[in-house]
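Subject: Structure handover

Dear colleague,

Please find the structure below. My notes on salt bridges and on some backbone angles come after it.

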Amino acid sequence: MMKKVTLWIMCLCLVASCSSTPSDAVHEVDTVSPNGESEVMATDENRSGAPNNYYLRQEVQAFVEVIAQKHDYDKNTLVRAFSSIQQRPQVIKKSNNQPEVITPYFEYKKRFVNDSRINEGIAFAQRNKEWLKKAQQQYGVDWSIIVALIGVETAYGRITGSRDVFTSLTTLAFDYPRRGKYFQRELEAYLLLARQESWGIGNTNGSYSGALGMVQFMPSNYIKLAVDFDANGHIDLWESPADAIGSVARYLRFHGWEANKNWVVSADVMDTKKVSSLSNKGRKPIYDRHEWANLGVYSKLSSNDKMGLIKLRTAPTQVSYWLASENFFTVMDYNPSRRYAMSVIELANRLKVNEL
């Protein structure tokens, strides 16, 4: 009898071991992020075949050595940080499917140029009008552009991102070859910023691409252009509207914003084929109004500043044209999308009708 029981137990163990998942297989755990979204993570190995411990990768080890030596960064801190994270596939998917690229303008702008965003913008401007006036005076950037940009980026600070930027930046730095070098620089800047601000590495939430605060600055811009506008001794782009307002204005001024100049003006194009190669060309103005008129492009522009020609789809079967100034392209320095820049400007125009 004892032999039968023992044999039965051994058979159960054998069956269990045969049905177990091999130790080198992928184990997926469905975890819920703070905003309620489901995020699938691989606990042993990610889908690309890279180890779940980023520090096991030679390129990451080399990166750690550079940061430790170049910046006198505590190596043990870096090793622990990179050993605690794994690839976040969602950021790669989102980077390859950005709405600024794949969504036509007439659909894209609905997210930002709507009654809710306008009303929130008016309220934000009224709450912070002294800071907006100061920024406009100090940097020459129109207050409505500052408000609109914060509105498009984060709904005036309401939506700043819920993913830790360290994991996102590491994923993009080492598993997104198309822009890997750029994101390695941003990862380096984040690590320096975390040390400077006494943030725990990995405890800073932001966008899927690693952008921070209500203005969504990438870490390098946070270091270079964020400003303590309320002069309290600390820069806070999450909780200080003053710092956010001053930082946006400083950013735009740094990138070439010209005070008291046009943004865009609608244009009539007589022969679209004649200017097809000039529409949406580059990111700087190319001709003045007389040169555009010689090409059959007319507007109510009174100045003779150089302008670029913007073409966007404003309805399923309709394309519209604008002549865009240096200021338009300066907004594109914030996000290199004409759909984005035009949404910011259209929202600003809707806000501007209200007195500050």
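The notes below take the salt bridges and then two loop residues.

The model is a predicted one, so please read every value here as computed from it.

Salt bridges

A search over the whole structure gives twelve salt bridges. Some of them are described here.

Lys75 and Glu65 pair through their side chains, with an N to O distance of 2.3 Å. The two residues are ten apart and sit in separate helices: Lys75 belongs to helix H3 (residues 75-83) and Glu65 to helix H2 (residues 58-71). Lys75 has a relative accessibility of 33% and therefore counts as partly exposed. Glu65, at 30%, is also partly exposed.

A second pair is Lys109 with Glu346, where the N to O distance is 3.3 Å. Lys109 is in the loop between helix H6 (105-108) and helix H7 (115-127), while Glu346 is in helix H16 (residues 338-352), so this salt bridge ties together parts of the chain 237 residues apart in sequence. The relative accessible area of Lys109 is 25%, which makes this residue partly exposed.

Asp305 and Lys261 form another salt bridge, and their closest N and O atoms are 3.6 Å apart. Both partners are in loops: Asp305 between strand S6 (297-299) and strand S7 (308-315), Lys261 between helix H13 (241-254) and strand S5 (264-269). The pair thus joins parts that lie 44 residues apart in sequence. Asp305 is partly exposed at 31% relative accessible area, and Lys261 is partly exposed at 36%.

Arg57, Glu59 and Asp175 are connected in a network of salt bridges.

As general background, side chains of opposite charge can pair when their charged atoms come close.

Positive phi

Which residue in the loop between H13 and S5 has a positive phi? This is Asn260, with a phi of about 60 degrees although the residue is not a glycine. Asn260 lies in the loop between H13 and S5, the loop that also holds Lys261 of the pair with Asp305. The relative accessibility of Asn260 is 81%, so this residue counts as exposed.

Ser198 likewise is not a glycine and has a positive phi of about 60 degrees. Ser198 is in the loop between helix H11 (180-197) and strand S4 (205-206). With a relative accessible area of 66%, Ser198 is exposed.

Regards

Key
Residues numbered from 1 in each chain as written. Predicted model: local features only at pLDDT ≥ 70, side-chain atom pairs only at ≥ 80, totals over all residues. Heavy atoms only, no water. Salt bridge = Lys/Arg side-chain N within 4 Å of Asp/Glu carboxyl O. Helix = DSSP H or I, 4+ residues; strand = E, 2+ residues; numbered from the N terminus. Buried < 20%, exposed > 50% of the residue type's maximum accessible area, 1.4 Å probe, protein only.
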